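I opened this model to look up how its strands pair, what its core is made of and what lies on its surface. My entries follow in that order.

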Amino acid sequence: VITLRVEEGSKVAGKMLEEIDLRNIYEITLLAIQREDEMITNPSGKETLDPDDRLILFGATERIQEFSTLLSS
């Protein structure tokens with residue numbers, strides 16, 4: 001389990017989870033999104049990722065590292 005931040009201008013900022021398709025493409029499970037003071041657990045595919053969201057992810061380290069390249073601007 002690791003927490004990563006969505007940067008402003010990243011490839012995933014503003015996209016819905018169903019567009020990113022973490023589970024099928026990266027074999028990663030998004031457990032929750034921390035957005036400011038809110039914790040969104042078990043987010044739906046319709047949830048949009050905002051800059052500065054913190055993603056709580058579960059999966060193989062190498063797959064998470066591969067996905068993490070999309071989080072930077």
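I began with the bridges and found that A32 has T41 in strand 3 as its bridge partner, strands being DSSP runs of E with at least two residues and helices runs of H or I with at least four, numbered from the N terminus. The model is predicted, so I kept in mind that local features need pLDDT of at least 70 and side-chain atom pairs pLDDT 80 or more, while totals for chains, interfaces and linings use all residues. Residues are numbered from 1 along each chain as its sequence is written, and side-chain values use heavy atoms, without hydrogens and water.

Strand 2 pairs with strand 3 (residues 38–41) in the antiparallel sense over four bridges, where pairing requires at least two DSSP bridges between the strands. I noted R35 opposite E38 in strand 3, and in the hairpin, with two residues between the strands, E36 takes a positive phi near 55°. Strand 2 also pairs with strand 4, antiparallel over five bridges, and there T29 has F58 as its bridge partner.

Is F58 buried or exposed? F58 is partly exposed because its relative accessible area is 48%, which lies between buried (under 20%) and exposed (over 50%), with a 1.4 Å probe and protein chains only.

Turning to the core, I read that the largest nonpolar one has 18 residues, of which V12, L49, L55, L57 and F67 touch the most other members; such a core joins buried Ala, Val, Leu, Ile, Met, Phe, Trp, Tyr and Cys through side-chain atoms within 4.5 Å.
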